[in-house]
Amino acid sequence: MVTPKIHAALLASPGMGHLIPTMELAKRLTTHHGFDITVFVVTTDSDTTTTSKILQQTSNLNGINVIITPPVDVSDKLDPNNPSLGLTIVLTMIESLPFIQSQILSMKFPPSVLIVDLFSTMALPMARDLHMSSYVFLATNAWFSAVSIYLPFITKEAFSRHAIDHEPILIPGCEPVRFEDTLEPFVSPWGPSHESFLEAGKEILSADGILMNTWQDLEPEAIKALIKNGIIGRLFDNGTLIRRVMVDEDDIGMRVKVKEYKLSGEKALSVFGSSHKSLCQMTTDCEVHLHQSSEAKGRGA
């Protein structure tokens, strides 16, 4: 029996800095794993020219289908005197979701996986409604990933001291966020930009997995803080790690783990069929395999 290809949808939020890593991930998934990929590209009127140039470079790649969402106008929802770029992107994404959902529902072979970037996390509930596996692709580094994931657990008082007194924001096991290096949502902890970033942090924890653009030797402390010291693990009952963190270690780790997911999924489907039970078995297989691999590595195997 021929195993059907995995069809994954990737969601790129507006901006060249978001589109380029999403397209690179799409190329890796098709080239190295044979995925069928649909990339939803959300644009604003200001970045359509740049977006077109980037997409021209991938127009001849097999296995990648690009759908550009119609531009939406969110200017009436912004402060005309101080329009926030981050809030503009978030509102644009929210307004584009109905189109994206309708496109997925109209496909003959709809995707079974949704991968979003940091500004697209509001699409994760849609993935759950459509019974799709969901992943967040954080294209920066492990330190920023740690900050984003830990954000919902930072108190308002800590944010206030950061914004008013310029105190650093402490992140367990990581370098703190210094005021000199801070982000817009951190210096305005009472505004809509902060609330949007906070919601993104909460949604990340609801995903089935996290993909990070890093490797072990580059950021050993930040990766250790995320996985071993429990920035993720401590966020769940009894410290149980129930979300998989997929780290691209020396350019192979992420590909290996994607393959593990694929093989576990095929095995589960062949045994149990397409059902909730098969998905639960796939998750268990993945966690056991990754745990065994981690233990073997710790023993020097």
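Helices and strands here are runs assigned by DSSP, a helix having at least four residues and a strand at least two, and they're numbered from the N terminus. With that in hand, we can place histidine 131: it sits in the loop between α4 (124–129) and β5 (133–138). Keep in mind that you're looking at a predicted model. Below is a quick tour, starting with one helix and moving on to the cores, a helix pair and some single residues.

**Helix α1**

- Helix α1 covers residues 16–33, so to speak 18 residues in a row, and spans 25 Å between its first and last C-alpha, close to the 26 Å expected at 1.5 Å a residue.
- Its buried residues are Leu19, Thr22, Met23, Leu25, Ala26, Leu29, Thr30 and His33.
- Those buried residues take up an arc of only 160° around the axis, so they end up on the same side of α1.
- Here's the background: an α-helix has 3.6 residues a turn, so residues three or four places apart point the same way.
- Flip to the other side of α1 and you'll find Gly17 and Thr31, which are exposed.
- Histidine 18 is also part of helix α1, and it counts as partly exposed because its relative accessibility is 21%, while buried means under 20%.
- Histidine 18 and alanine 139 are 121 residues apart along the chain, yet their C-alpha atoms are separated by 8.1 Å.
- Right after α1 comes glycine 34, which has a positive phi, near 70°.

**The nonpolar cores**

- The largest nonpolar core has 49 residues, and the members touching the most other members are Leu11, Phe40, Ile100, Leu114, Ile154, Ile171 and Phe186.
- Which helix gives the most to this core? That's helix α5 (residues 142–150), with six residues.
- There's also a second, separate core of 18 residues, and Leu19, Met23, Val39 and Leu211 are among its members.
- Two of those names should ring a bell: Leu19 and Met23 are in the second core, and both are buried residues of α1.

**How α5 meets α9**

- Helix α5 packs against helix α9 (residues 220–227) at an angle of about 30°, and their axes are 8 Å apart.
- That angle makes α5 roughly parallel to α9, because angles under 35 degrees count that way.
- As for handedness, α5 and α9 make a left-handed crossing.

**Two histidines with a positive phi**

- Most residues other than glycine have a negative phi, which is a handy thing to know for the next two.
- Histidine 131 isn't a glycine, but its phi is positive, about 60°.
- Is histidine 131 buried or exposed? It counts as exposed, because its relative accessibility is 73%.
- Histidine 166 also isn't a glycine and has a positive phi, near 65°.
- You'll find histidine 166 in the loop between α6 (156–165) and α7 (184–187), and at 43% relative accessibility it counts as partly exposed.

**Two residues to find in other helices**

- Proline 98 is in helix α3 (residues 85–106), and it's exposed, with a relative accessible area of 54%.
- What separates the C-alpha atoms of proline 98 and methionine 126? A distance of 9.5 Å, with the two residues 28 apart along the chain.
- Lysine 202 belongs to helix α8 (residues 192–204), and its relative accessible area of 42% makes it partly exposed.
- Follow the chain and lysine 202 is 52 residues apart from tyrosine 150, with 8.9 Å separating their C-alpha atoms.

Technical notes:
Residues are numbered from 1 along each chain as its sequence is written. This is a predicted model: local features need pLDDT of at least 70, side-chain atom pairs count only at pLDDT 80 or more; totals for chains, interfaces and linings use all residues. Side-chain values use heavy atoms; hydrogens and water are left out. The expected span of a helix is 1.5 Å times one less than its number of residues. Buried means under 20% relative accessible area, exposed over 50%, partly exposed in between (1.4 Å probe, protein chains only). The arc is that of the directions from the helix axis to the C-beta atoms. A nonpolar core is a set of buried Ala, Val, Leu, Ile, Met, Phe, Trp, Tyr and Cys residues joined through side-chain atoms within 4.5 Å. Axes are lines fitted to C-alpha atoms, for helices over the stretch in contact, and angles run from 0 to 180 degrees between N-to-C directions. Angles under 35 degrees count as roughly parallel, over 145 as roughly antiparallel, 65 to 115 as roughly perpendicular and the rest as oblique. A crossing is left-handed if the near helix is turned anticlockwise from the far one by less than a right angle, and right-handed if clockwise.
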